[in-house]
Amino acid sequence: MKRIFAKFTTPLQLILQSFLILLMLSSQVFAISSSDYLSVIRETTFYDENSCSTNPDVAVSAGTGSPTGATFPNLDPSAMANAINTYISKNYPNSLMNGLGSTIVASAKQANVSPFIIVGIGRQESGLANPNDWNTKNGNNPFGRTATPTQPHFNGSGSASSTLWYKWTTIKSSVDYTAAENTNASGGGDEASYIRNRFASHLDKSDFVGFFEGYAPPAENDTAAYVAGVQALITELVNLTTGGGSQSSAVQTSATSQNSSCGVCGGDTSGSTIVIDPGHSGTSNRVIDPATGLIDFDYKNTLEISEVFTIAKDLQAKLTALGYKVVLTKENENDTVSLRQRADIANSSNAALAISIHDDHGPTFANFQQISDQEVGSYRTTPAGKNITFTNQQIADKSKVYATYIQQARQAASGIQPAIKLISFDNREGLSPGNIPLVQLFSNVPWVYNEVGANGITADQLKQYETGLLDGIVKSVPLTGGGSSICGGGIIQTALSLAWPEPFDKDTNKESEQRKYPQTPTAAYLAALKKYNPADYTESAPVGSGRWGDDCGIFVSTVMRASGADPNYPQSGTMAEASYVKSHPEKYTIIENITSTAQLQPGDILIVNVGTGAGGNGHTFIYLGKQSGGYDSAEASLGDHSGELSNAWLNFKGGVYFAARLKK
Amino acid sequence: MDQRVKVISFSVGVIILGLFSYLIYNNSIYSSKIDFLIAPSVSTVKLDGKKINPSKTYTIKPGKHIVTVSYDGFTSETIDMQFNKGEKKTALTALVSNSSATKDWYLNHPDDQKIAEGVSSRQFTQASQQQVAQNPIIKLLPWTGPNFEYRIDYGNLPDVKGVVLTITAPDEKSKTDALNWIKGQGYDPTSFTIKYITESP
């Protein structure tokens, strides 16, 4: 500033300069140039968690942390798991951690810790579980974790004989938060939970030095070298995850991979039929299953049979209202249906998911919340001593993923985390011994078995149970809506994956790290726009021009095209779109005069246009049915905001909405 | 420095200080902003009776302001707007043709046609958010009662201001149960316009 004034030597020049400065200071309106806008989008680091996954084992969503930070990063979890597996197999072929990428990522997500830190510690401490490492060999402990006397441990050797080292039963358990030995373990069970438990404040600030001064104290380690080694590995793994690039290129990589691999939509491809199996039969029923020789025995358990049937009917109603096809394994509370028959119902329905609902009035509520998935190797034993074993790995994988979702949802509803574990049927009178319920053993669809218990279980507790089951089912098997799809997601799933999950807060003009302007599209929407609606996308256009997908007709069109529901849907303009759906009765059913959501089905396209001639004056949006956050619609607005979730408003000056429903 | 230069320099300083003070005062009083999204874009737009350029953003005092929009062949509109301190709002309207001469006006003016659509969709957003804020029950709907006894939806009717609830229920008992559910959520059913559909949901 001093140099600027030095250039002006006369009073007049001084006055002019003062004016200029004052004008600059008083200006409050800053225009947003298209280049500013581009930079915002390019610098925005987000990953669309609904996008297609390349690794079915990783059923976790992206985090919010920096890719090179200490908390769970905003990167594709599947890509992270693949990167870890690639790194280990290439650089440490003898590592006992080979192939554990998805387990490490899932546990890291649970603890909100970077999975790369786990790998980094493993490399520093044990050469990534080298079989000859002392801690690895003696305690399946690749992380040099010490233990307290009350924790599972083994003693050090020589001068370190007084040191207690943590002991896991397997290397996998050391990084698997779902392992039974880690459930409710004091101080944190798996490595990720442990470091979260002990070093949360350092992790949340990505304070690597503070964290490692605690984990690998300078008195015993070269801590500085330790930190440098871990951080270098994190950078390497981030590059492996993103294809090798900077933070901004990670976004581009994500969008590109979505385009090239499976489009921009996501979702489960297995359908949306849910089988609900309320426990127990109205009469005692004991038969020998002819196919296996197992004892198929069920009975009437008073209170339980009634309570779980009520929950099942409620779930059926709610899921049906959301758009699911729901099949119950019995029609009436006191029907008698064998366990084989129940499994057959699910099998013949080709259900995406079956759940059994049980409760128990014995143990305390806090001590008895349990979920069982189908694990390969679980079995039941016939009276003749023959083991009938569950062997379907593909179903086991899905069942495990869904069990985890249901576990999370039940925990969110009740505040108590149910354990995922096998059920023992040993020494139970009249039952074949073993560790898997017969419905799950006989099933060839993913089946999650649920139990909850309490002395005098309350209506509130049962309601929490029901809420958790509902949310868990919806999370496990997202609705796909009508129409076919390029990669499995239908209209609803695609709309959800392209839209922001909530409206931009215009009252406060609240900006977020991910969405600086209301017109900012999600990365997935931007990618879809470029691929499916390029004529209505202009990178150089100014913000608010509607050329960034911030337009109702363009958003609906992009969803219809990206989902594969209708590749010929007009690219924009409510007038053109209204005309199109009405002129294609072979594709669309038109429902006129929509004034209530009671007339709608999820996936319906709502259109109103009151323009004369070809004059467009209207709006269009997609009805999704009730979604997370209470929203039920997805829409964009010309020049105002990008695709986002909202609630329907069915009034329009001078016109009434009609719905276009894609024929199946 | 002679006496004249000193006087001039002092005067300039006073002027600059005065201007600076005025701008600060002005900014504190005129703390709200209004911009416009108007179709046809060539309409005559007045803010509190004074003709303005609708392509600009205006800094105004908080409080009530009136925007009038008119154009030959279209029905004029008046928009009442209330501004809080520091608030920015957009005056939105797309005029509707009222003569055969302008029937296809938007057809022949595609840029204005886009503006008109933008107005419509922004009105949707504003109205939707306002409706949910006034009736948070919307976030719970549709709600289906136990055993498909009833279903509660929401919507709007052209001649009714505000949200309209729809209760689909086959009999009086189910309707009563639905109303009781609404009460159970802390709402007075009589405060809503309710449309009944007598059938199973």
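Okay, let's start with helix α17 of chain A, residues 459–476. In this predicted model, α17 lies across three strands of chain A, namely β3 (273–278), β7 and β12. Against β7(A), the helix runs at about 170°.

So which sheet are we looking at? It's an open one with six strands, and the order goes β6-β3-β7-β12-β8-β11 in chain A, with mixed pairing. As a quick reminder, strands of a sheet pair through backbone hydrogen bonds, either parallel or antiparallel.

Which strands sit at the edges? Those are β6 (325–328) and β11 (419–420) of chain A, and each one pairs on one side only. If you zoom in on β11(A), you'll see that β8 of chain A, residues 369–372, is joined to β11(A) by two bridges, and the two run parallel. One spot to click on there: A:Gln370 has A:Ala419 in β11(A) as its bridge partner.

There's another helix on this sheet, α15 of chain A, residues 393–414. That helix touches β7 (353–357), β8, β11 and β12 (447–452) of chain A, and its direction makes about 30° with that of β12(A).

Now, over to the nonpolar cores. The largest has 52 residues, and the members touching the most others are A:Ala495, A:Val559 and A:Ile622. Which element gives the most to this core? That's α19(A), with eight residues. Other contributors, each with at least two residues, include α18 (491–498), α20 (552–562) and β15 (618–623) of chain A.

Take A:Val559: beyond its neighbours within four places in sequence, this residue contacts A:Ile491, A:Thr494, A:Ala495, A:Leu498 and A:Ile622.

And finally, there's a second, separate core of 51 residues, with A:Ala346, A:Leu353, A:Phe390 and A:Trp447 among them.

Key. Residues numbered from 1 in each chain as written. Chains lettered and ligands numbered in written order. Predicted model: local features only at pLDDT ≥ 70, side-chain atom pairs only at ≥ 80, totals over all residues. Pairing = 2+ DSSP bridges. Helix = DSSP H or I, 4+ residues; strand = E, 2+ residues; numbered from the N terminus. Contact = placed C-beta atoms within 7 Å. Axes fitted to C-alpha atoms, helices over the stretch in contact; angles between N-to-C directions. Core = buried A, V, L, I, M, F, W, Y, C linked by C-beta atoms within 7 Å. Buried ≥ 20, exposed ≤ 12 C-beta atoms within 10 Å, placed from the backbone.
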